[in-house]
Amino acid sequence: MNTEMYQTPMEVAVYQLHNFSISFFSSLLGGDVVSVKLDNSASGASVVAIDNKIEQAMDLVKNHLMYAVREEVEILKEQIRELVEKNSQLERENTLLKTLASPEQLEKFQSCLSPEEPAPESSQVPEAPGGSAV
């Protein structure tokens, strides 16, 4: 790197950042190597071209990320739907089993629960939503 033409550390840092940005975004755009010499005599057209390339690369990255996020959201929504459906089914089965179980069976079941799991407060059978056992 030829940094003799730059007077301050800030100018050197900007030069290095431009070179890094150009090479990084060029690789994202399909490997086109952009060779633009950035010095005090760089034309406005080359700076605009670099800015356009950087903007294109950023748009490309943004589009890829948005597509990946949308895809992941759809997968998660489907998993949530399946889990809600499974939960509903299990709740209906639980209510039905409690309805069909005798008080002795319920008492025996509650006594078998481990100490970590709290037993229901009363031995009454809860009604299913809507007043139905199923």
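How far apart do the end C-alpha atoms of residues 66-100 lie, and how much of the span is helix or strand? The legends below start with the whole chain and then come to that question.

**View 1. The whole chain is a predicted model with three helices and zero strands.** Welcome to the overall picture. Read from the start of the sequence to its end, the elements follow the pattern α-α-α. Of the 134 residues in the chain, 13% are buried. The accessible surface comes to about 10,900 Å², and carbon and sulfur atoms hold 59% of that area. Among contacts with a separation of 6 or more, 55% join residues 24 or more positions apart.

**View 2. Confidence varies along the chain, with helix α2 (residues 44-100) at the top.** The chain averages a pLDDT of 74, and 51% of the residues score at least 70. Helix α2 has a mean of 92, the highest in the chain, while helix α1 (residues 9-28) has the lowest, a mean of 65. Over residues 32-40 the pLDDT is below 50, although the model gives this stretch 18 contacts beyond near neighbours in sequence. Residues 125-134 also stay under 50, and for them the model has 14 contacts beyond four places in sequence. A friendly caution for these stretches: where pLDDT is low, the predicted coordinates should not be read in detail.

**View 3. Residues 66-100 form a span that is 100% helix.** Here is the reply to the opening question. The end C-alpha atoms of this span lie 51 Å apart, and strand makes up 0% of it. In UniProt, an unreviewed entry lists residues 66-100 as "coiled-coil region".

**View 4. E78 and R81 form a salt bridge.** What separates the two partners along helix α2? They are three residues apart in this helix, so about one helical turn lies between them. The closest N and O atoms of the pair are 3.0 Å apart. E78 is partly exposed, because its relative accessibility of 36% falls between the 20% and 50% cut-offs. R81 counts as partly exposed too, with a relative accessible area of 47%. The count for the model comes to one salt bridge, so this view shows the pair that meets the rule of a nitrogen within 4 Å of a carboxyl oxygen.

**View 5. Q105 reaches back to the backbone of S102.** Q105 has its place in helix α3, which covers residues 103-112. Which atom does the side chain of Q105 reach? The backbone nitrogen of S102 is the partner, at 2.9 Å. Q105 itself is partly exposed, at 48% relative accessibility.

How values were computed: Residues are numbered from 1 along each chain as its sequence is written. This is a predicted model: local features need pLDDT of at least 70, side-chain atom pairs count only at pLDDT 80 or more; totals for chains, interfaces and linings use all residues. Side-chain values use heavy atoms; hydrogens and water are left out. pLDDT is the predictor's confidence in each residue, from 0 to 100. Helices (H or I, at least four residues) and strands (E, at least two) are DSSP runs, numbered from the N terminus. Contact means heavy atoms within 4.5 Å. UniProt positions are given in the numbering used here, feature names are shortened, and annotations may be inferred rather than shown by experiment. Buried means under 20% relative accessible area, exposed over 50%, partly exposed in between (1.4 Å probe, protein chains only). Accessible areas come from the Shrake-Rupley method with a 1.4 Å probe; for residues, only the protein chains shown count as cover. A salt bridge is a side-chain nitrogen of Lys or Arg within 4 Å of a carboxyl oxygen of Asp or Glu. A polar contact is a pair of N or O atoms within 3.5 Å; within protein, one must be able to donate a hydrogen and the other to accept it, and residues adjacent in sequence count only if both atoms are side-chain atoms.
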